Amino acid sequence: MKSTKVEVCYVARVEGQGAINVEVNSGGEVKRSEFAIFEPPRFYEAFLRGRKFDEVHELTSRICGICPIAHQMTALRAVENAYGIEISEQTRQLRRLLAFSAYIQSHSLSVFYLTAPDYLGYDGVISMAGDHRELVEFALRMKKLGNDIGEVVGGRAVHPVSAVVGGFTKIPTREELSPFLDSLKRAKKEMLDAAKTIGGLDFKTIDDENELVAIHSDDWYSVNEGRLVSSKGLDVQEQDYREVIDEVQVVHSNTKRSTVRGRDTFMVGPLARVNLNRHQLSTGAKKAVAAVGLELDSMDPFDNVRARVVEIVQSIDESIEIIRNVDLDVAEQPVRAHIGMPCEGAALTEAPRGLLFHGYRFDKSGAVTHADIVPPTAHNSAHLEDMLRALSPGVVKAGGDLTFECEKLVRAYDPCISCSVHAAVVKGGG
Amino acid sequence: MLTENKPRVAVYKFTGCAGCQMELLRLEDELLDIVEKIDVVYFMMAQSKEDMGPYDICFVEGSVSTPRELEELKVIRASSKVLVALGDCAIAGCIPSIRNYMSQSEVEEIVYDNITPIRSFRVRGIGEYVPVDINLPGCPPHKNLIYETITAALQGILPDIKHHPVCVDCKLKENVCLLTSLGRACMGPVTKAGCGAICPSVGRVCEGCYGPMSDANPDELAKVFRRAGLTEEDVVRKFRKYAGITEEFRKEAQI
């Protein structure tokens, strides 16, 4: 028997340009397991040097068109940590609303546009619309709902404009936000129904034990701030991120391996969050856990799809709460930064795809002297390679389609390769 | 109509953030109607069908910054009737073009431990290398502009790209002028309209994300900025942002 090779040069239905190289020999041994990235580098950490503290979030927003809000929130908090800025409760709530709008948009895209076609037998959402018109129309409505909330709060859906260091230049009115309450309630009901459909798809399983990493707070479902925790007992403040997470360049692979210091690769993203923040789940999200059939202790990367469904409902519940309770009577002015001394700051948030780190140093004029950005897909890529390794022998033994199964695993992580690319050494040939 | 059959449409991504493709996908209300009229034959972010052409309309998001992209661009130009530069990166590199003002080895060494496998050169818009039929400005171009481009192409005409400055739209919105009334460094007077003056409408200066308008006068605006108290470095940062390598802004984008 010959060895089985998988070489997917350009993985479709993921953001950015990535490739899969897997080889299983005739003895069932995995000889190679690579998630290679050929996305062109854009060198953000280089050209951010010399730029001012108040434009960092605007520039880093352009790292990713799917999760610009996550990059903005992280950059803003890193800058605010550097300058000791305390934001108002109004700003905190509106930023949470922005983050949840991004979850609704990004997760709907991932679950219905990028993942579902694999399991329902289509090449994409457009061809799926013929036979599954209602599901596709629902998916479009969900994505639009997330985008519309983001547009009202942030001034624009893709690369929002009103969030700035210290607050917002303009806040939405009650009249602008209230109409979303009915759409959100309707979306929740429909999403709980769709959860059964998604939960019923035929996902493969991987039983390996993994370390899951996310931010956490006892007081709320953490998206924009929290302590860094893991399923193996890690628990530190966000400033200590660089003390506990290592990135190493290894010979056999073209991506850097992110590891928990002294341990192994780890997984970030929806499943890690739901697992580690299970006591912060909303009533609706708990219903979604049951409807989609998610085991809360699961460490199986394929269960990221189920966790996305849970988080869409969580985001709907959170958005309803915020819209009902946020105080919009007086627009708080953005808190000003006092420049004049060199300083540094870092922040961790949860982008839709998982843990996102930004760290900056500034000179006395407020210009960046050093930038350090680690996006979710950089955290996950080595883990994804480990899981390709774990998945492949079983698929080959059962005579399955290894290429297709590897692609499905990659999509379960919903990698965002444009984001990841700064941390990956690009494969030769550009 | 471009062809007897449904026009074959492709969406490519080069060096960029996927935000322009996301804006295209934000046509949620129109998407199912559009695909009745066109055939989306290549769109890797959204579907796993790899149809290598020929195409009636080809949207390209992102700039050219690697040898592979340059080769691919020439191939898709040859197989496309209408080639559309989708957004600022494809037009003139957008934000990542800031690094064009640093040396290539310097930027590579800041980001990578081992620069040997890096195949990257300074970012350029696709029009630098091949003829482009339509430039859709913006970071990102508004979805309505993308929609108009498709519907116009179906009728064999060009979309209506605005050439006047953001100021015109800002006046129509009756915003207080941030530049003349408040002395703030707004890029509106030299920036192409099309966004709906969204930033000044939320109390923020225009940062220039639709690129230079026709017949812009950046030299004069730079003088206004200096009079308002901006340092030489501040002025450079203003112009070296979304369109720092365009012919219009190149002079003000360097010290």
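**Exercise 1. Two domains**

Find how far apart the centres of domain 1 and domain 2 of chain B lie in this predicted model, and describe their contact.

*Solution.*
Step 1. Locate the domains. Domain 1 of chain B covers 8-154, and domain 2 covers 166-239.
Step 2. Take the centres over C-alpha atoms. They are separated by 27 Å.
Step 3. Count the residues in the contact. Domain 1 of chain B gives eight residues, and domain 2 of chain B gives six residues.
Step 4. Look at the domain 1 side. Helix α4(B), residues 88-92, gives the most, with three residues.
Step 5. Sort that side by class. Five residues are nonpolar, two are polar and one is charged.

**Exercise 2. The fold of chain B**

Decide whether chain B is as compact as a globular protein of its length.

*Solution.*
Step 1. List the elements. Chain B has ten helices and five strands.
Step 2. Apply the globule rule. For 255 residues the rule gives 18 Å.
Step 3. Compare. The radius of gyration of chain B is 19 Å, close to that value, so chain B is as compact as a globular protein of that length.
Step 4. Add the dimensions. The C-alpha trace of chain B spans about 60 × 50 × 25 Å along its principal axes.
Step 5. Check burial. Of the 255 residues in chain B, 53% are buried.
Step 6. Check the contacts. Among those in chain B with a separation of 6 or more, 73% join residues 24 or more positions apart.

**Exercise 3. The two sides of α3(B)**

Test the length of helix α3(B), then find which residues are buried and which are exposed.

*Solution.*
Step 1. Work out the expected span. At 1.5 Å a residue, the twelve residues of α3(B) should span 16 Å.
Step 2. Compare with the model. The end C-alpha atoms of α3(B) are 17 Å apart, which agrees.
Step 3. Name the buried residues of α3(B). They are B:Glu69, B:Leu73 and B:Ile76.
Step 4. Place them. These residues cover an arc of only 75° around the axis, so they sit on the same side of α3(B).
Step 5. Recall the helix geometry. An α-helix has 3.6 residues a turn, so residues three or four places apart point the same way.
Step 6. Turn to the other side of α3(B). There B:Glu71, B:Lys74, B:Val75 and B:Ala78 are exposed.
Step 7. Find the packing partners. The buried residues of α3(B) pack against β1 (8-13), β3 (55-61) and β4 (80-86) of chain B.

**Exercise 4. Chain B meets chain A**

Describe the side of chain B that touches chain A.

*Solution.*
Step 1. Count. 50 residues of chain B are in contact with 50 residues of chain A.
Step 2. Find the largest share. It comes from α1(B), with five residues.
Step 3. Sort by class. This side of chain B has 28 nonpolar, ten polar and twelve charged residues.

Methods
Residues numbered from 1 in each chain as written. Chains lettered and ligands numbered in written order. Predicted model: local features only at pLDDT ≥ 70, side-chain atom pairs only at ≥ 80, totals over all residues. Contact = placed C-beta atoms within 7 Å. Helix = DSSP H or I, 4+ residues; strand = E, 2+ residues; numbered from the N terminus. Nonpolar A, V, L, I, M, F, W, Y, C, P; charged D, E, K, R; others polar. Rg over C-alpha atoms; globule rule 2.2 N^0.38 Å. Buried ≥ 20, exposed ≤ 12 C-beta atoms within 10 Å, placed from the backbone. Expected span 1.5 Å × (residues − 1). Arc of directions from axis to C-beta. Domains from an automatic or database assignment.
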